[in-house]
Amino acid sequence: MSRVPRRKVTVIGAGNVGATTAQLIAQTGLADVVLVDIVEGLPQGKALDLAEAAPVIGYDVKITGTNDYADTAGSKIIVVTSGIARKPGMSRDDLISVNAGVVGSVVRAAAAVSPDAILIVVTNPLDAMCHVALRASGFPRERVIGMAGVLDSARFRSFIAEELEVSVRDVRAFVLGGHGDTMVPLPRYSTVGGVPITELMTPERIEEIVTRTRNGGAEVVALLKSGSAFYAPAASVVEMVESILLDRRRVLPCAAYLDGEYGISGLFVGVPVVLGQGGLERVVEIDLTDDERAAFDRSAEAVRELVTILPA
Ligand code: APR
């Protein structure tokens, strides 16, 4: 009897975000995981360690570490985390030229052997790296999606839950726009047990939490002193991976290449999307107030500026 190969998810970059993502995907049991890095031994060592944890935790998927893209062939999803992480005092935007080179080369190599894959981009500066991945892969926009909004809204949710002393499970939050200082958290659409936070907190307190959300990545960087956040970023990737592999059609904020939605074309911006087996199934358009619209447009403009400085 011939066996149908199990689904495969490739994670490029075996650093903090990549290895944690590989671990969490393995724990879902949804797919075999291939971990790739440019450093020899690193992905192999982490994959071996993860495989040796399997009997204790109880997952039975296969985890492979490699430096060779041939091993990634036929992946359903490719998660791109390779690059250099932001250091203290360094803005996401400072990273652009180094990481554009890295993302372009790994995406070309991976897309060549998994031409039907869905790409989830994690490397920062996120919105610009999504453009690099779209170009380098030649994939349609449905199959190139950036992980930012799930993380930004997770941060927002955790701060709201802490403030109101309620379970994070009952807090929903929406963050639109670019993954940077111009991100647009939307308090009106952020709820606790279905009640908008605008009815539960003072405008001043909401503003403080919004500011903390905007600086969420930098807050972790400042504490760690070397490296940047990885637990919440990896968990956010896995929520997207699950929605795609299980065709859950979750409505999640992601960086999507807009094609007229929200009055914007030809730009990756964070918006709510339906994530299913085809990747981006649909962009969900929500009504914005004049102020929200202005903040969204400013955020989109910041992404456009970043894209123009991308190396050709
Ligand atoms: N090909 C494959 N792997 C590469 C390449 C390359 N060309 N260049 C770098 N890498 C690998 C590094 O060897 C390293 O193992 O990418 C990995 C990055 O891991 P970390 O430095 O630990 O960074 P991490 O914290 O995982 O963040 C990765 O995600 O959230 C973003 O801002 C963050 O852009 C950063 C990315």
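# A loop proline, a parallel sheet and its charged pairs

Proline 125 sits in the loop that runs between S5 and H4. This is a predicted model, so read what follows as a description of a computed fold. The peptide bond that leads into this proline, from asparagine 124, is cis, with omega at about 0 degrees. As a rule, most peptide bonds are trans.

## Around S5

What do the two elements flanking that loop belong to? Strand S5, helix H4 (residues 126–137) and strand S6 together form a β-α-β unit, and its hand is right. So the cis bond to proline 125 falls in the loop between S5 and H4, two members of that unit.

S5 covers residues 118–121, and it's buried on both faces. Ile118 and Ile120 point to one side, Leu119 and Val121 to the other, and each of the four is buried. The strand has partners too. S4 (residues 77–80) runs parallel to S5, joined by 4 bridges, and valine 80 stands opposite valine 121 there. S6 (residues 144–146) also pairs with S5 in the parallel sense, over 3 bridges. In that pairing, leucine 119 has valine 144 as its bridge partner.

## Isoleucine 12 and its company

Is isoleucine 12 buried or exposed? At a relative accessible area of 1%, isoleucine 12 is buried, because the cut-off for that label is under 20%. Its home is strand S1, residues 8–12. Beyond its neighbours within four places in sequence, isoleucine 12 touches a good mix of side chains and backbone-distant partners, including Val36, Tyr69, Val106 and Ala110. Ile78, Val79 and Val80 are on the contact list as well, and those residue numbers fall in the range of S4 (residues 77–80). Take isoleucine 78: it is 66 residues away from isoleucine 12 in sequence, yet their C-alpha atoms are 7.3 Å apart in space.

## Charged pairs

Side chains of opposite charge can pair when their charged atoms come close. The count here is 12 salt bridges. A few are worth a look.

Aspartate 32 and arginine 6 form one of them, with the closest N and O atoms 2.9 Å apart. Aspartate 32 belongs to strand S2 (residues 32–36) and arginine 6 to the segment before S1, so this pair ties together parts 26 residues apart in sequence.

Glutamate 239 and arginine 250 make another, at 3.2 Å between the closest N and O atoms. This one links distant parts of the chain: glutamate 239 is in helix H8 (residues 231–245), while arginine 250 is in strand S12 (residues 250–259), 11 residues apart. Arginine 212 and glutamate 219 also meet in a salt bridge, at 3.0 Å from N to O. Then there's a network of salt bridges that links Arg141, Glu142 and Glu261.

How buried or exposed are the residues in the three pairs? The table has the values.

| Residue | Relative accessible area | Class |
|---|---|---|
| Aspartate 32 | 14% | buried |
| Arginine 6 | 47% | partly exposed |
| Arginine 212 | 35% | partly exposed |
| Glutamate 219 | 31% | partly exposed |
| Glutamate 239 | 23% | partly exposed |
| Arginine 250 | 26% | partly exposed |

Aspartate 32 counts as buried because its 14% is under the 20% cut-off.

## Positive phi

Most residues other than glycine have a negative phi. Which residues here go the other way? Lysine 225 does, with a positive phi of about 70 degrees although it is not a glycine. Lysine 225 is in the loop between helix H7 (216–224) and H8, and it is exposed at 59% relative accessible area. Arginine 249 is another, with phi near 60 degrees. Arginine 249 lies in the loop between H8 and S12 and is partly exposed, at 40% relative accessibility.

## The whole chain

Zooming out, the chain holds 9 helices and 14 strands. A compact globule of 312 residues would have a radius of gyration near 20 Å, and the chain's 19 Å agrees with that. Along its principal axes, the C-alpha trace spans about 60 × 45 × 40 Å. Of the 312 residues, 52% count as buried. The exposed area of the chain is about 13,800 Å², and carbon and sulfur atoms supply 52% of that. Among contacts with a separation of 6 or more, 67% come from residues 24 or more positions apart; the contact between isoleucine 12 and Ile78, at 66 residues apart in sequence, is an example of a long-range one.

Key. Residues numbered from 1 in each chain as written. Predicted model: local features only at pLDDT ≥ 70, side-chain atom pairs only at ≥ 80, totals over all residues. Heavy atoms only, no water. Buried < 20%, exposed > 50% of the residue type's maximum accessible area, 1.4 Å probe, protein only. Contact = heavy atoms within 4.5 Å. Pairing = 2+ DSSP bridges. Right-handed = clockwise from strand over helix to strand, strands pointing away. Salt bridge = Lys/Arg side-chain N within 4 Å of Asp/Glu carboxyl O. Rg over C-alpha atoms; globule rule 2.2 N^0.38 Å. Areas by Shrake-Rupley, 256 points an atom, 1.4 Å probe, with all protein chains shown as cover.
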